Structures are given as structure tokens and as C-alpha cells.
Amino acid sequence: MLTVRPDRVAGLCYRYYLVLSRSSFRVMDIVFWPVMDLLVWGFVSNYFSSLGGSAPQAVTFLVGGIIFFNVLYRAQQSISVSFLEDLWSRNLLSIFVSPITVAEFVSATYVVGVAQALAVTLIMSVMAAFLYAFNMLSLSWYLIPLFVNLLVMGWWLGLGTTALILRYGYQAEALAWAVPFLLQPICAVFYPVSVLPAWLQSVAWFVPATHVFEGMRHILSGGNQCAVYLIKASLLNVLYWVATTIFFGAMINRARERGSLAKIVT
Amino acid sequence: MLGLGLRQLPPEHYGFAKIVGHAQNAPSAITQSQCKPEAGYEPENLREAMSAVIEVRNLAKKFDKATAVEDISFTIEKGEFVGLLGQNGAGKSTTIQILLGLITPTSGDVRIFGYSPWKERVKVLERSNFSSAYVAMPPNLQVRENLEVFARLYGVRNRSRKIDELLSLFAVDHLARKMTGALSSGESTRVNLCKALLNDPELLLLDEPTASLDPDIADKVRGLLRQIQKERGLTVVYTSHNMTDVEELCHRVLFLHRGRIIAQGTPGEIVENLGESSLEEVFIAIARDTLKVAPGPSSVPGTAPDVAQASTSARNDGESKSEDASVEISGRPGREKEELC
């Protein structure tokens, strides 16, 4: 299960590239919604700033938040939606009866997640620079660990979502889109954690993305002590990544035992 | 009779190109190095001694309280073309899915090339392939692109040449740039078979490959499958509800009913021993529990008969029927459990 041959991972990535390049709707899905988010939130925050409120950095925080949230979302989607697309096209059986290990299958979706997240971040950053004078590079070198932490969180969220689809079948497919948005209010994408009720703040700190968004706001407001946020986010991510990998493996084994893997892929 | 007639015709008669350059590439035997076992998994000398491609021993699969497969055993040797028959719910899909490593059994053991299909699945799947009428490839990719992807997944060398060769073999080279989703059933079946032969498999599992094909295309596909199997020495496990397919192609048939093998032998012998006029009549009689000949006592429940003898003579003859082959008839008419898958 843990064997990973780069040539086979490359073969799967090539397939994802072909499928994506042939589907203008999928490309639009990947680019359209982030761009719409950016436009709506950016103009809303511009409007609030023009009212002369006491939050001069509202645009920066909101635009930074929406760009970073899309990193997480794209990484998660690349795993769970790729899995669903294979299910819908009745192609998953051909993959599962080829000499592809589960680790290779998952690795390919990770690579696709990185590519999609990078592409979306690049597009949104350029737009944000033109429309709102928001400079992603103002995060300096912190940009990389912040990005990587959201990417990893997207990976384990995607893996967990896929495991639930394996467990519950098609009825759970809505989770592929819902899960990131379930976490969005908790992980303080657009506002500080302190805004949340006290009991929810305690929950929020167990979500890696909360530390990432708090760290981002800290840097954007001129702070330079982001390391603590990054360390906490990284530790939580490693913990959850290991846990969801074990959970995913257990769900695959369970699906093989109960015959649901054969049912779901045929 | 139709089968005999077709066998005497050249491949071009089927409307497909003649196979070139494969027979010499096909492994002539399962060599010692190919069967190199996992350390500590099984005694070295035992695995080396095995010549069977598939060995199933006392296989059972239960889903909660329902039994899908119950204590079946059989052996399939290199070069055999074996039909797995039975009505819906008989256990053949579960058996195929266990062979493919998609389902783990409740008890019993399966060895393919000497390896466990779920514990050492990559070693098995590198040397096998699968095609089904019910499996598709991404519809928005061209035929050639889909084959290119699978060639990469199977680590095929000289991918382009191999794909050209197979497209030509199945007479679908003109479809190379066509979107896979726009193919007809017949075209799709042939493209799926191209995919199934990309890695020059030693074992081919075919799940109703001629389902939904018109008689002409089904006949061409049967002719080609027979030709490929013979020229490459392929081992084929074949499920179908089309008894013409089975009578024409299979050296041997395993009849499953309510999770058990109740009859096995060459198609002709099964028909003769069960006192029916055709394999289709046998199928119907088994399904309706109206066999003219009552299922006889099994020598050992679930144990295969002298399979090697049957298959060897079938191969040597180049015919579906073998006078030397034995037939086992066993069963449990009173069994009421149904399979889930």
C-alpha cells in the first residue's frame, strides 16, 4: 500500500491534466469561483473602508483571507472531487484493478492539488494587486509556510472526505464541497478568533487554519512574530494528516471486506 | 459447431488484423523468478512448484449474515479459457472481485501466480488485466489519450507503438482521435479490450465483454479473443450470460449456484451429464431447480475435479470439448442464502 513509483504517479497526473484540459467547465469551476469571491469580498471591504470605519486594513485582511482560503479549498477539492469524477465516469474500477497502489493514487491527487492551488493563488494575487493594491509578497518568506500549511490541511481534509464517501457511498458526496465551508466560520478566515464566542474559540484553536489566518493577519498588520502560529499549525497538521491517513486506510480495508469498494467503483 | 467453423478461418475473416509479434513475447511458462515469493509468506519450494495461474481453496465470502460465496475451490492453469457461469446472484461477480483484489474473503485462500491478490496485489495486477462492458474510461478524452494513460499506469515500454498495434489489431485505429464518450457499444468494447491487452497480460479477466454488442460485432470479438488466447497462451477467466460465447470460447466451465460450484467440465460434457440439450437449457434448469439429472454427490464439497487433465486435453485438441475431461456435479438445492454483490 505504501509503495510509490514516480512513473505511475506521473501517469495519473498526466490523466488529470488531460481531463482538466478537455473540460472548460472544470477549468471554469476552478478559476471562476475564486475570482468571484475575490471580486465580491474585495469590493465589499472597499465599500466598508470608504465609510471611514476604524479598520483601515479590512481590505488587506479580507483579500488575504480569501486568497489563502482558496489554497485550502483547492487542495481539498483536488482529492475528493477527483475521486468523485472517477466514480461518475465509471473509470475508478479500471484504476483500482491496475497496478496502482493507494499511496500512488493519493500522491497523484496531492500533486494535482499543489498545481491547482498554485495556479489559483497566482491568478488571485495578480488580480488583487491590480484591483485592491494588495501585495501577497508583503508576507515575505512567511508566505511559503503559510501556503504549505493550508495545502497540507486541504490534503488531509480531502483524504478524510474521500474516506467518508468510501464509507457512506454516493449519499456522502455533498461533503466534498461542504466540509471546507463547515470549517470556514470556525477557522477565522475573515475575522480574528477573538470575535468568536469563548467556547468556539477553544474549538477554533484546534484547527490548523486558524493559526495560519491569525499568523497572516499578524504579519499584514506589521508584526514579525509569526513563528508560534506556524509551529502550532504545523504540529496540528502533522497530527491530523497521520490520523486521516490511518482513517482512509481503514476505510479502504473496510470497503474491501464489506464489498462496498467493488460496489462503489462499478 | 459455429465455434469449430470459426476456428478454421483466418483472423482476417473476423474483420480484424492478424496478430503480429506477440506470441514470441508472451511468457512461455511461469518461471521461478516470476514467482519469487514474499519472504516468510509461503514455503519457497511450494510456490516454485506451482504451475497453476489461479488457485482458489475453500473460498468463502459472507456479507453480514448473507453468504455470497461458500467454500469454493478450483484451479485454473496457464492457457486455459474458463467460463464462470451462473444466474444473477450466483457468486461469480464476488469471485471475480476477489480475484481482482477488490474484496477480501471471509475465509479460504487465493493465489494468482503464487501471490495473494489482496496482500500482494501489485505483483498480481502487473501481470493481469481486466475488461468489462460496465467499465468506462474518461469520456472527454480521446481513445488514444486514454490508452496512453493506461499504458503509463502499466509501465508499458514503446507506448506509442504498442497502442498503434492494438488499435490496428481490433480494427479501431480510425477511432484513435475520437472522444471515448462518443463511441458506440461495439467500439467501446474493442477499445476496452485494447486497454486490457496493453501490458501483454498473462491473465485476462473478462466480465461480460460481449454484453450489448450486436451479433456481428460479438462474433468478431469472440473470434479475436479466441485467436489472441491461442496465440499468446493467455489464461482467460470469462463471465457471460451469453451461452454462445461460452460454448465457443471456453475450454472449461464452472457453474455457480447460490455461492457454490455445482458443476464443472467442458461445455459439452456439462450438457451431456445434466441431460439437457444445450448449455442455455442447463443454465435455465439450474436457475429454476428443474434439472433432469439430480445433482449427484460431490466427491469432496467444493473440490475441483481433475482440472489439469481437462484443460490440458482441451488445449491440446484446440477444441472446447475433451473426452478426457471430467465433470463434477454437486450442489445444495435447499440452500436459500443469496449473495449481496
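Two residues are in contact if their C-beta atoms, placed from the backbone, lie within 7 Å. Keep that handy for these exercises on a predicted model.

**Exercise 1. Find out which residues Met153(A) touches, leaving out those up to four places away in sequence, and settle whether Met153(A) is buried or exposed.**

Start with the address: Met153(A) sits in helix α6 of chain A, residues 143-168. Skipping sequence neighbours up to four places away, its contacts are Leu72(A), Pro208(A), Ala209(A) and Asn237(A).

Next, burial. The cut-off for buried is 20 or more other C-beta atoms within 10 Å. Met153(A) has 26 such neighbours inside 10 Å, so Met153(A) counts as buried.

For a sense of scale, try Thr3(A): it is 150 residues from Met153(A) along the sequence, and their C-alpha atoms are 23 Å apart in space.

**Exercise 2. Describe how α5(A) and α6(A) cross.**

Two numbers do the job here: packed helices are described by the angle between their axes and the distance between the axes. For helix α5 (residues 102-132) of chain A and α6(A), the axes come within 11 Å and the angle is roughly 135°. An angle over 145 degrees would be roughly antiparallel, and 65 to 115 roughly perpendicular; this pair fits neither, so α5(A) is oblique to α6(A). As for the hand, the crossing is right-handed.

Now the residues. On the α5(A) side you'll find Val106(A), Thr109(A), Tyr110(A), Gly113(A), Val114(A) and Ala117(A). They meet Leu151(A), Gly154(A), Trp155(A), Gly158(A) and Leu159(A) of α6(A).

**Exercise 3. Work out the strand order of the three-stranded open sheet in chain B, and what packs on it.**

The order is β2-β1-β4, with antiparallel pairing. β2 (66-77) and β4 (107-112) of chain B are the edge strands: each has a single partner, so one side of each lacks a neighbour in the sheet. From one strand to the next, the twist averages 15°.

Zoom in on one pair: β1 (residues 52-63) of chain B and β2(B) share eight bridges. For Glu55(B), the bridge partner in β2(B) is Thr75(B). Helix α3 (residues 92-99) of chain B packs on the sheet, touching β1, β2 and β4 of chain B, and its direction makes about 120° with that of β1(B).

**Exercise 4. Check the length of α8(B) against what its residue count predicts.**

Helix α8 of chain B has 18 residues, 215-232. At 1.5 Å a residue it should span 26 Å, and its end C-alpha atoms are 25 Å apart, so the two agree. Buried residues in α8(B) include Ala218(B), Leu224(B) and Ile228(B). Right after the helix comes Gly233(B), with a positive phi near 65°.

Key. Residues are numbered from 1 along each chain as its sequence is written. Chains are lettered from A and ligands numbered from 1 in the order in which they are written. This is a predicted model: local features need pLDDT of at least 70, side-chain atom pairs count only at pLDDT 80 or more; totals for chains, interfaces and linings use all residues. Helices (H or I, at least four residues) and strands (E, at least two) are DSSP runs, numbered from the N terminus. The expected span of a helix is 1.5 Å times one less than its number of residues. A residue is buried if 20 or more other C-beta atoms lie within 10 Å of its own, exposed if 12 or fewer, and partly exposed in between; C-beta atoms are placed from the backbone. Two strands pair if DSSP finds at least two bridges between them. Axes are lines fitted to C-alpha atoms, for helices over the stretch in contact, and angles run from 0 to 180 degrees between N-to-C directions. Angles under 35 degrees count as roughly parallel, over 145 as roughly antiparallel, 65 to 115 as roughly perpendicular and the rest as oblique. A crossing is left-handed if the near helix is turned anticlockwise from the far one by less than a right angle, and right-handed if clockwise.
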